[in-house]
Amino acid sequence: MRAMLFSFCVIAPVLSVVAQQPRTMATAQWQYAKEDDFLHVKVHDRFILEGVYLTPPSIPVGVGPAIVVVCSAGKVEQSYFNIGGIVDHHGPSGSNGLEVVGFEARVDGKKYGMFPDKMSTDGRAVYFIRGDLKRFLGAKQVIIGANEYMGPQIVMRFDIPDPAPVMEKCGSDRILKPRGRK
């Protein structure tokens with residue numbers, strides 16, 4: 001009995017540490033879906049890049065972390081982070097006064113000054129501008145942090161694969177086009 005109790009006392013803390021380690025992912029790939037929007041008579045190209053939590057939300061809501069890009073007719077209509085938790089913010093959703101609490105970004109290991117454009121009404125998605133999307137598509141790794149509502153900071157990592165599939169469908173957007181030399 002003592003041996004079993006001793007084993008439990010030694011193994012349980014190790015298991016909890018292992019369970020908290022971020023899962024490693026196979027090579028990340030853009031997931032693609034073509035969607036018909038019958039109401040607006042459009043076809044959308046949706047790309048999703050799944051990430052991993054380095055610090056997960058204390059109350060997970062829905063799916064895990066992802067970068068989502070939605071294009072139509074070759075131009076970006078939406079780009080956002082699906083957080084997988086409810087993000088703490090000040091100011092009304094979609095206003096210029098929006099502040100996502102504890103929002104930080106690192107691109108290829110360097111601090112990146114990015115300001116969210118707007119939020120979803122349920123607080124689960126943080127939208128960003130096309131200029132930031134261009135920067136992310138050219139990176140190898142993006143790390144994002146945002147405070148969870150009444151919780152700690154959620155930290156996510158995205159390993160950015162070849163942007164060719166996204167550029168093929170969304171590359172007509174003038175912001176995403178590479179600048180030529182004059």
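How many salt bridges does a search of the whole structure find? In this predicted model, the search finds five salt bridges. Side chains of opposite charge can pair when their charged atoms come close. Three of these pairs are described here, together with the surroundings of the residues that form them.

In one of the salt bridges, the side chains of E35 and R46 meet with a nitrogen-to-oxygen distance of 2.8 Å. Because E35 belongs to strand 1 and R46 to strand 2, this pair ties together parts of the chain that are 11 residues apart in sequence. E35 has a relative accessibility of 27% and therefore counts as partly exposed, since that class lies between the buried residues, under 20%, and the exposed ones, over 50%. Strand 2 also contributes K42, which forms a salt bridge with E77 of strand 5, so that parts 35 residues apart in sequence are tied together; the closest N and O atoms of K42 and E77 are 2.7 Å apart. Both partners are partly exposed, K42 with a relative accessibility of 35% and E77 with a relative accessible area of 36%. A further salt bridge is formed where the side chains of R124 and D122 meet, with 3.5 Å from N to O. Here R124 is partly exposed at a relative accessible area of 32%, and D122 likewise counts as partly exposed, at 38% relative accessibility.

A positively charged side chain is also found over an aromatic ring, for K118 lies over the face of Y127, at 5.2 Å from the ring centre.

The aromatic side chains are considered next. A pair of aromatic rings is described by the distance of the centres and the angle of the planes. The structure holds seven aromatic pairs, and among them is the pair of Y32 and F47, which is tilted, with 5.1 Å from centre to centre and 45 degrees between the planes. The rings of Y32 and F47 link distant parts of the chain, as Y32 is in strand 1 (residues 31-37) and F47 in strand 2 (residues 42-50), 15 residues apart. The two rings are not equally accessible: Y32 counts as partly exposed at 38% relative accessibility, whereas F47 is buried, with a relative accessible area of 2%. Another tilted pair is formed by F81 and F128, with a centre-to-centre distance of 4.7 Å and an angle of 40 degrees between the planes. This pair, too, links distant parts of the chain, since F81 lies in strand 5 (residues 75-82) while F128 lies in the loop between strand 11 (125-127) and helix 2 (130-137), 47 residues apart. F81 is buried, with a relative accessible area of 0%, and F128 counts as buried at 3% relative accessibility. F81 and F128 belong to one aromatic cluster that is formed together with Y112, F136 and F158.

The structure also holds one disulfide, which joins C71 to C170 at a distance of 1.7 Å from S to S. This pair links distant parts of the chain, with C71 in strand 4 (residues 66-72) and C170 in helix 3, 99 residues apart. The torsion about the S-S bond of C71 and C170 is about 100 degrees, and the disulfide is therefore right-handed. Both C71 and C170 are buried.

Helix 3 (164-170) is followed by the segment in which D173 lies. With a relative accessibility of 2%, D173 counts as buried, because a residue is placed in that class when its relative accessible area is under 20%. When its neighbours within four places in sequence are left aside, D173 is in contact with G74, K75, V76 and R130.

Two residues of the backbone complete the description. D108 has a positive phi of about 50 degrees although it is not a glycine, and its place is in the loop between strand 8 (104-107) and strand 9 (110-111). A positive phi, of about 55 degrees, is also found at M150, which is not a glycine either; M150 is placed in the loop between strand 12 (141-147) and strand 13 (153-159). D108 is partly exposed, with a relative accessible area of 37%, whereas M150 counts as exposed at 72% relative accessibility.

Technical notes
Residues are numbered from 1 along each chain as its sequence is written. This is a predicted model: local features need pLDDT of at least 70, side-chain atom pairs count only at pLDDT 80 or more; totals for chains, interfaces and linings use all residues. Side-chain values use heavy atoms; hydrogens and water are left out. Helices (H or I, at least four residues) and strands (E, at least two) are DSSP runs, numbered from the N terminus. Buried means under 20% relative accessible area, exposed over 50%, partly exposed in between (1.4 Å probe, protein chains only). Contact means heavy atoms within 4.5 Å. A disulfide is a pair of cysteine sulfur atoms within 2.5 Å. Rings of Phe, Tyr and Trp (its six-membered ring) pair if their centres lie within 6.5 Å; planes under 30 degrees apart count as stacked, over 60 as edge-to-face and the rest as tilted. A charge sits over a ring if NZ of Lys or CZ of Arg is within 6 Å of the ring centre and within 35 degrees of the ring normal. A salt bridge is a side-chain nitrogen of Lys or Arg within 4 Å of a carboxyl oxygen of Asp or Glu.
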